[in-house]
Amino acid sequence: MPSNGGVNSTEDGTKGTSLVNLFAEAIKGPLLSSDSQVQIGTLDLLFHYLSSVRNSDYQIRVLVEENIADYLFEILRLS
């Protein structure tokens, strides 16, 4: 993965959506699921993602900016 977190530049020089942004968007729904097994599976996926050696400060910053922590606290609050 590129050091820029998967950000692709388009022909006009603008940056497209990075893979980490897409990942953050994709896990929001399952984190809010009423099915606890779906939530646990998503938390497991997130744990493995964050513990991987290839994570950069950029990727973690994007997850924070996408408010993933708020979703995690919501799961804890409702548990």
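This is a guided tour of a predicted model, going from the whole chain to single residues.

**The whole protein**

Start with everything shown as a cartoon. The protein has four helices and zero strands, and along the sequence the pattern reads α-α-α-α. Now colour by burial. Of the 79 residues in the protein, 30% are buried. Switch on the surface next: the accessible surface is about 5,600 Å², and carbon and sulfur atoms account for 57% of that surface. If your viewer draws contacts, consider those between residues at least 6 apart in sequence: 49% of them join residues at least 24 apart.

**The nonpolar core**

Select Val20, Phe23, Ala24, Ile27, Leu31, Leu46, Tyr49, Val62, Leu63, Ile68, Tyr71 and Ile75, and show their side chains. These 12 residues form the largest nonpolar core. Helices H1 (19-31), H2 (36-51), H3 (57-65) and H4 (68-78) each give two or more residues to this core. Which helix gives the largest share? H1 does, with five residues.

Keep the core on screen and pick out Phe23. Apart from neighbours within four places in sequence, Phe23 is in contact with Leu45, Leu46, Tyr49 and Leu63.

**Helix H1**

Select residues 19-31, which are helix H1. H1 has 13 residues, and the distance from its first C-alpha to its last is 18 Å, close to the 18 Å expected at 1.5 Å a residue. Colour Val20, Asn21, Phe23, Ala24, Ile27, Lys28 and Leu31, the buried residues in H1. Turn the view to look down the helix axis. These residues are on the same side of H1, because they cover an arc of only 155° around the axis. A general rule helps here: an α-helix has 3.6 residues a turn, so residues three or four places apart point the same way. Show the other helices again to find the cover: H2, H3 and H4 are among what covers the buried residues of H1.

**The loop between H1 and H2**

Move on to Leu32, which lies in the loop between H1 and H2. Draw a distance from the C-alpha of Leu32 to that of Tyr71: the two residues are 39 apart in sequence and 7.1 Å apart in space. Leaving out neighbours within four places in sequence, Leu32 is in contact with Gln39, Tyr71 and Glu74.

Serine 34 is in this loop too, between H1 and H2. Is Ser34 buried or exposed? Ser34 has a relative accessible area of 81%, so Ser34 is exposed, the cut-off being over 50%. From Ser34 to Ile75 the C-alpha distance is 9.7 Å, with their positions 41 residues apart in sequence.

**Threonine 42 in helix H2**

Select Thr42, which is in helix H2. Thr42 counts as buried because its relative accessibility is 8%, and buried means under 20%. Show the backbone of Val38 as well. The side chain of Thr42 reaches the backbone oxygen of Val38 at 2.8 Å. With neighbours within four places left aside, Thr42 is in contact with Ile27, Pro30 and Leu31.

**Helix H3 and the residue after it**

In H3, colour the buried residues Gln59, Val62 and Leu63. They are on the same side of H3, because the arc they cover around the axis is only 100°. Rotate to the other side of H3, where Asp57, Val64 and Glu65 are exposed. Cover for the buried residues of H3 includes H1, H2 and H4.

Next select Asn67, in the loop between H3 and H4. Phi of Asn67 is near 65°, a positive value in a residue other than glycine. For comparison, most residues other than glycine have a negative phi. Asn67 counts as partly exposed because its relative accessibility is 38%.

**Helix H4**

Finish with H4. Its buried residues are Ile68, Tyr71 and Ile75. Looking down the axis of H4, you find them within an arc of 60°, so they line one face of the helix. On the other side of H4 are the exposed residues Phe73, Leu76 and Arg77. H1, H2 and H3 are among what covers the buried residues of H4.

Conventions: Residues are numbered from 1 along each chain as its sequence is written. This is a predicted model: local features need pLDDT of at least 70, side-chain atom pairs count only at pLDDT 80 or more; totals for chains, interfaces and linings use all residues. Side-chain values use heavy atoms; hydrogens and water are left out. A nonpolar core is a set of buried Ala, Val, Leu, Ile, Met, Phe, Trp, Tyr and Cys residues joined through side-chain atoms within 4.5 Å. Buried means under 20% relative accessible area, exposed over 50%, partly exposed in between (1.4 Å probe, protein chains only). Contact means heavy atoms within 4.5 Å. The expected span of a helix is 1.5 Å times one less than its number of residues. The arc is that of the directions from the helix axis to the C-beta atoms. Accessible areas come from the Shrake-Rupley method with a 1.4 Å probe; for residues, only the protein chains shown count as cover. A polar contact is a pair of N or O atoms within 3.5 Å; within protein, one must be able to donate a hydrogen and the other to accept it, and residues adjacent in sequence count only if both atoms are side-chain atoms.
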